[in-house]
Amino acid sequence: MREFLEQSIQPYFNYWVYVILMMIGLWATIAKNNLIKKLIGMSIFQTAIILFYVSVGVKKDSKIPIIPHQVEEHHAAEDGNHAGGHGEHGAKRVTEKHVIEPDKFANPLPHVLMLTAIVVGVSTLGVALAVVQMLFKEFGTLEEDEILAQIKTADSASLDV
Amino acid sequence: MKWIALIAVTLTGSLLLVGVGDFPEWGDAHSAANEGPKLESGEQIATAVSQSFLTDTDELTQVPNVVTAVLADYRGYDTMFETVVIFAAGLAIFAILRVFGGDEVKPMRAPEDDTFCEGDHSRIIIGTTCKLLIPIIQLFALYVIAHGHHSPGGGFQGGVIMGASFILLAIARDLKSALDWFSEKTFMRLASVGILIYAGFGVLCQFFERNFLDYGALKTVMFSSEQMARSYAMLGVEIGVAFTVTAIMFAIYANLSSRGELKQGL
Amino acid sequence: MIPIFDYILLIFLIVAAVISLKVKDLLSASMVFGIYSFLICLLWAEMGAVDVAFTEAAVGAGVSAVFLIATVYNTKRRSSD
Amino acid sequence: MSDQLPIIIVLAPLFGALIIGLVGSRDHRVCVPVVLVALLTSLIAVIGTLTQVLETGPVDYFVGGWEPGKMAPGVHGPVEIAKGFGIQLRVDTLNGFLLLAIAIVSIFVSIFSIRRANQEAASKTPQFYTLYLLLCVGLFGMTITGDAFNLFVLVEVTSLTSYALIAMGRNRRGTMAAFNYILMGTVGASFYLLGVGYLYLKTGSLNMEHIQEVLSANDFEIGRSKPVMVAFVLIMVGIWIKMAFFPLYGWLPNAYSYCPSTSSCLLAPLMTKISVYIMIRVMLSVFGWEWIFIEYAGWSDAVVILAVIAILAGSTLALAQRELKKMLCYLIVAEVGYMVGGAWLGDPERWGMSGAVYHILADAFMTLCLFLCAGIFAKKANATRIEDLSGMFKKMPLTMTGFVVGALAMIGIPPTCGFFSKFYLIRGGIEGGHWEFVIALIISSLVNVVLFFRIFEIAFFGAKPAEGHDHAHHHDEDDHSSNNQDPIDEPTLLEREAPLRSLIPLFGTAAIIILLGVYNGQIVEWIRLTIKP
């Protein structure tokens, strides 16, 4: 049991939680009766995917992906004989290209992708909420079964005419 | 319905759990996505594209925040369409919900639900606080937009905060006074203007015989090196994004809170 | 090794998700959903995804909760499930 | 200039949409000219690109100039751009024809929408046209892109606009359908996104070509890992939801049949077809056909069986419908079965895949033709049910001619494209040894014969068209009926017929259906240039 915990759960705990959240979200999207609950479920479903992506891009003991400009002090010391020549920022940077160790910074690509996904998520939520308000205006309820029942009676009424 | 849900959820869950077993460990800096895909023999067959993003960004664009550089430059085409998604959402809500006139719409809310407002006494405190807060929020939003190159932030975040400041105004006072500041015509136009700025930067590059969104072409217009031209163009693009996001966030709120009548909000 | 802070956040996340779906009052559900978004924003800040965290704080915990509340206010507060 | 053509395809409608967004609300009359100019620009760009493709092979376009291998100027000297750095657009013979089809269909529908959109959307006309153009942007972008994540963003552009176009119709069943569509569509897109995430986890790239390179390295070593398999399933399920493939088709019939006729004319021919294209693109360009048909051969049998069920279920449900538009919607479900089944018949050497791609083109125009007719019938004669069509040959002979062409293509009568696409599909089925697919195709054709000849019979021999009045009051949703069938002074043909702005797109479509059929050999040959391994 302990071994299972250490080998299968611990290193992948993020992924396990994302699967659980995803299942909760999907369940709510399909099975909940209230339309707003469905939408909350949908949002949880989407955030679960974002959790997955962000977990992919994590590097242990890494910094956030902001790489400050290199103020190359050691170069300044080396080039000391160029008296006054490096008063400008640009003059220092003409020297060697600074080597960046990418392993020290978190992976930026999933972050970019997920910015897009979050924005898409809120757009969808907004449109869905507008549709919910329209539905409430027309049916006077937010429960799916009541709406379906109303549609059914309307349908059978139109068939009888 | 519950049974369908149960089946769908179990199937999805088990499918996903099948995949989890083969994942690289959490935080593995040498995983395929972070360093590059490797064969079992240990041979690395390609470099993950994020490595090049991290190593080359300072060289190519002089932007410290790699996320901004990737967002606005390397994958700028994505971001443009992301802005289009927001724009489309704003239009969609307008198209679905907006009613003109709106006198014939009867009040929808059942009376027993009327437990939201405490009365008018609290409005004074809230109103005064908001009056003080809103300029600060807007200032912060501008900072976030402009400083997106050096710190977390950028057009989206700043735009949302800016939009939220108008939403706060609408909640604290009423929708009408917020709309006096920021009328419907203004925000619907501003949303188009935002994307027009974004796409305009791209097309401008085409006039200099480069590809769409190749900001390096703008160095002659911006009197700077190619790298700094990229950096400045990214700022311009972010401002475009911020316009659209600000406008649409407020538009969505205004329509949702007033059932599309734009008369009385929450 | 995942930091212990993560474990706590992840477990709270599941709890918040379940509560926001279980609560029968839609206003509370929207609020708890905002809390959920805020927790996940903390989690991302912890994982080094500051930009995502920033966006989620502004969008998820801020604006989308407001959208939900605006809709609940304009429709109905009680839900049958 | 000519190297910029691929991006112009996408940008022209985008700028059109923005211009309408800026000035449209002041004057509604600018909308249609702007839409037409934007789409015609796209059409010209598509034709230009397609000629380039046919002359020199696939055309690549790197947005932002991030072409792999090129040297970009850095601060300290040039930097070589890595693979998958930027976003790649790619036009080859597989998607070139689809781009052409999208451009033509959207132009026809915009001609069809003149005046009609004003009535359907009233004061929201500029918003309608902005959404319309954004939908075109999304469709073009989805077809042209070579980047897996960019595809997701564009899928969302099309989805959001189509939600709005469907919910715009003031029909409460349409609103409920739109809500279901939002839920299903979002879940589908999220599955796709998750699948791309799994691929990214294993390959570290988002560019389709690059992903395929990594997956196929060293005899599919990475391709065989479990996450890639899961990714494939997730992407497929996501796309299947979007295209309304058999068990996941629930949202489609209501959504398309209760939305305004201009929207349905644009959505029905294009949305599902482009999703099928995406599926084929993912199968060929991301995973590679060897991976699917050799490594996981068992899957293709299972999918073909699902496709067979889809065809049979779609046809059977279509038989049970009394409303014309709903019947057509169920036929779409069956047609999706054709295309998915065809694409999964086996390796692209065989004819199934080519037949499926050709059928995408053919079906886009067939569906457009029939939906245009349905729109005209609903408006001009207030006929939404099949029995309302009685005497239609006499009343509206020109429209009915167009309908006959579309119906014959749907059945599969030789000079039309429907026959040839079915021919290729059946050939592929026989080659792959999937006899159940062949039989399903033939049964479905027979069902189509029954369906459409029933309509022909009613329309030709049916009772006097005066019966249309009976239905006028309980179809009050489509109340703009101009039912000028006065028995006293017989109206002339021109008065009874649909206006020219509806007939031009209809006959254009009918002509294309026949032209596609006549030149089928050449088109399929071109398509096979890309598909053949």
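Start by selecting domain 1 and domain 2 of chain D in this predicted model: their centres, taken over C-alpha atoms, are separated by 20 Å. Where they meet, domain 1 of chain D contributes 27 residues to the contact and domain 2 of chain D contributes 24.

Stay on the domain 1 side of that contact. Strand S4 (87–91), helix H3 (93–112), helix H4 (116–121) and helix H5 (125–144) of chain D are the elements that each give two or more residues to the side touching domain 2. Colour H5(D) next, since this helix is the one to look for: H5(D) gives the most to that side, with eleven residues. Colouring by residue class splits the domain 1 side into 16 nonpolar, eight polar and three charged residues.

Now widen the selection to the division of chain D. Domain 1 covers 1–144, domain 2 covers 148–295 and domain 3 covers 298–533.

Next, show chain D whole. Its secondary structure comes to 23 helices and four strands. The radius of gyration of chain D is 23 Å, close to the 24 Å given by the globule rule for 533 residues, so chain D is as compact as a globular protein of that length. Turn chain D along its principal axes, and the C-alpha trace spans about 85 × 60 × 40 Å. Of the 533 residues of chain D, 65% count as buried. Among contacts in chain D with a separation of 6 or more, 79% are between residues 24 or more positions apart.

Add chain B to the view. Its contact with chain D takes 56 residues from chain B and 64 residues from chain D. On the chain B side, select helix H1 (2–20), helix H2 (49–61), helix H3 (66–74), helix H4 (76–97), helix H8 (184–207) and helix H10 (226–257), each of which supplies at least two residues. H4(B) provides the largest share of the side of chain B that touches chain D, 14 residues. By class, this side of chain B divides into 33 nonpolar, eleven polar and twelve charged residues.

Finish with chain A. Here 29 residues of chain A are in contact with 26 residues of chain D. Helix H3 (35–56), helix H6 (108–139) and helix H7 (144–160) of chain A each supply at least two residues of the side that touches chain D. Select H6(A) last: the largest share of that side, 13 residues, comes from this helix. The chain A side has 19 nonpolar, six polar and four charged residues.

Methods:
Residues are numbered from 1 along each chain as its sequence is written. Chains are lettered from A and ligands numbered from 1 in the order in which they are written. This is a predicted model: local features need pLDDT of at least 70, side-chain atom pairs count only at pLDDT 80 or more; totals for chains, interfaces and linings use all residues. Domain bounds come from an automatic or database domain assignment. Two residues are in contact if their C-beta atoms, placed from the backbone, lie within 7 Å. Ala, Val, Leu, Ile, Met, Phe, Trp, Tyr, Cys and Pro count as nonpolar, Asp, Glu, Lys and Arg as charged, and the others, Gly among them, as polar. The radius of gyration is taken over C-alpha atoms; the globule rule is 2.2 Å times the number of residues to the power 0.38. A residue is buried if 20 or more other C-beta atoms lie within 10 Å of its own, exposed if 12 or fewer, and partly exposed in between; C-beta atoms are placed from the backbone.
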